[in-house]
Amino acid sequence: MKRTIVLLGPPGSGKGTQGEKLSQELGFVRLSTGDMLREAARNGTPLGIKAKGYMDSGALVPNELIINLMKEKVASLGEGVGVIFDGFPRTVEQADALGEQIKVDLALNLDVDDDELINRLTKRRSCPKCNSVFHLEYNPPAKPGICDKCGAELYHRDDDKEETVANRLKVYRKNTMPLIEYYEKRGILQTIKGEGSIDEIFANVKKTVL
Ligand code: AP5
């Protein structure tokens with residue numbers, strides 16, 4: 001089984017959804033930079049205060065902040081623990097920094113068309129407490145507006161508004177898409193179609209990991 005996995009894919013491609021399923025079924029630790037930054041922003045930490053403006057506009061948070069944050073997280077992982085990086089790396093500089101610290105076994109790229117991404121993000125609802133995600137049509141919570149897992153009130157992320165989503169897609173193409181070639185050259189890239197039911201996609205994800 002692959003032990004160190006980078007999830008690649010545009011905003012809304014299902015990195016969080018599939019990463020969470022991998023973590024629950026196969027016991028991986030999931031490290032999501034987006035979740036970490038949102039938590040820091042909610043708690044008003046120095047990192048959160050610096051990151052919030054970038055996130056709300058759909059821009060990337062500066063490399064040095066993210067690289068320092070992830071260096072600490074990776075250093076604290078136990079020996080032999082399986083880990084999924086969700087939303088990191090997002091630039092070649094971040095990928096180089098990660099590669100210096102840990103050997104990546106698989107870069108799993110989820111491929112989804114733009115129209116579908118916009119639909120998914122503008123109708124996504126997120127839990128501020130346990131980070132679960134729902135979709136108003138495809139994956140609705142049992143009780144409208146309430147998280148199935150922890151009972152907290154769901155919210156619509158500021159960066160999931162349509163104008164910001166368009167900017168996030170632009171930023172993804174410019175800064176993060178080059179990582180597809182980066183990992184392809186290293187012989188560890190696998191691309192999976194990220195459209196279809198969550199369970200169908202997960203079956204394919206598992207095949208590439210096991
Ligand atoms: P982050 O939180 O990482 O956002 P993202 O990469 O844009 O990804 P998303 O969380 O939006 O989507 P996802 O691919 O996880 O999809 P999900 O599973 O939720 O980052 C946010 C911001 O933080 C960035 O813009 C940046 O500012 C900053 N940041 C984070 N990391 C950084 C870094 N490394 N460097 C610099 N800055 C960084 O699914 C989406 C929706 O679709 C959900 O509603 C879900 O229920 C639904 N869905 C999922 N799968 C399916 C399916 N198969 N069919 C139908 N619906 C589905």
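**Helix α2**

I began with α2 (33-43), a helix in the DSSP sense (runs of H or I of at least four residues, with strands being E runs of at least two, both numbered from the N terminus), and listed its buried residues as T33, G34, D35, M36, L37, R38 and A40, where buried means under 20% relative accessible area, exposed over 50%, and partly exposed in between, with a 1.4 Å probe and protein chains only. The cover over these buried residues includes β2 (29-32), α3, α4 (63-75) and β3 (83-86), with contact taken as heavy atoms within 4.5 Å. After α2 comes G44, which has a positive phi near 65°.

I note that this is a predicted model, in which local features need pLDDT of at least 70 and side-chain atom pairs count only at pLDDT 80 or more, while totals for chains, interfaces and linings use all residues. Residues are numbered from 1 along each chain as its sequence is written, and side-chain values use heavy atoms, with hydrogens and water left out.

**Second largest pocket**

I then looked up the second largest pocket, whose volume is about 240 Å³. On a 1 Å grid over the protein atoms alone, a pocket is an open set of points with protein on both sides within 12 Å along at least five of seven lines, whereas a cavity is a set where a 1.4 Å probe fits but cannot get out, and lining residues have an atom within 4 Å of a point. Grid points are joined across faces, edges and corners, and a volume is the space filled by probe spheres set on the points. The lining consists of R38, A41, R42, K52, M55, D56, Y155, R157, D158 and D159, and the elements giving two or more residues to it are α2 and α3 (46-57). By class I recorded three nonpolar, no polar and seven charged residues, with Ala, Val, Leu, Ile, Met, Phe, Trp, Tyr, Cys and Pro counted as nonpolar, Asp, Glu, Lys and Arg as charged, and the others, Gly among them, as polar.

D56, D158 and D159 came up again when I checked T164, since T164 touches D56, S57, G58, D158 and D159, not counting residues up to four places away in sequence. T164 lies in helix α7 and is buried, with a relative accessible area of 11%.

**The cavity and F88**

Searching the whole structure, I found one cavity of 30 Å³ or more, and the largest cavity holds about 40 Å³ of space. I67, M70, K71, F88, A97, L98 and Q101 line the largest cavity, and α4 and α5 (92-101) are the elements that give two or more residues to this lining. Its residues divide into five nonpolar, one polar and one charged.

I followed F88 further and saw that the peptide bond from F88 to P89 is cis, with omega near 0°; P89 is placed in the loop between β3 and α5.

**Aromatic pairs and charges over rings**

I counted two aromatic pairs in the structure, a pair being rings of Phe, Tyr and Trp (its six-membered ring) with centres within 6.5 Å, where planes under 30 degrees apart count as stacked, over 60 as edge-to-face and the rest as tilted. The ring centres of F85 and F88 are 6.1 Å apart with planes at 50°, so this pair is tilted. F85 is buried at a relative accessible area of 0%, and F88 is buried at 2%. For Y182 and Y183 the centres are 5.0 Å apart and the planes at 80°, so the pair is edge-to-face; Y182 and Y183 are buried.

The charged end of R186 sits over the ring of Y182, 3.7 Å from its centre, the criterion being NZ of Lys or CZ of Arg within 6 Å of the ring centre and within 35 degrees of the ring normal. R3 lies over the face of F28, at 5.9 Å from the ring centre.

**R120, E137 and N131**

I placed R120 in helix α6 (residues 114-122), where R120 counts as buried at 15% relative accessibility. Leaving aside neighbours within four places in sequence, R120 contacts G12, S13, G14, V112, H135, Y138, G194 and E195. The C-alpha atoms of R120 and E137, 17 residues apart along the chain, are separated by 9.0 Å. E137 belongs to the loop between β6 (133-135) and α7 (162-176) and is partly exposed, at 46%.

Lastly, I noted that N131 has a positive phi of about 70° although it is not a glycine; N131 sits in the loop between β5 (124-126) and β6 and is partly exposed at 24% relative accessibility.
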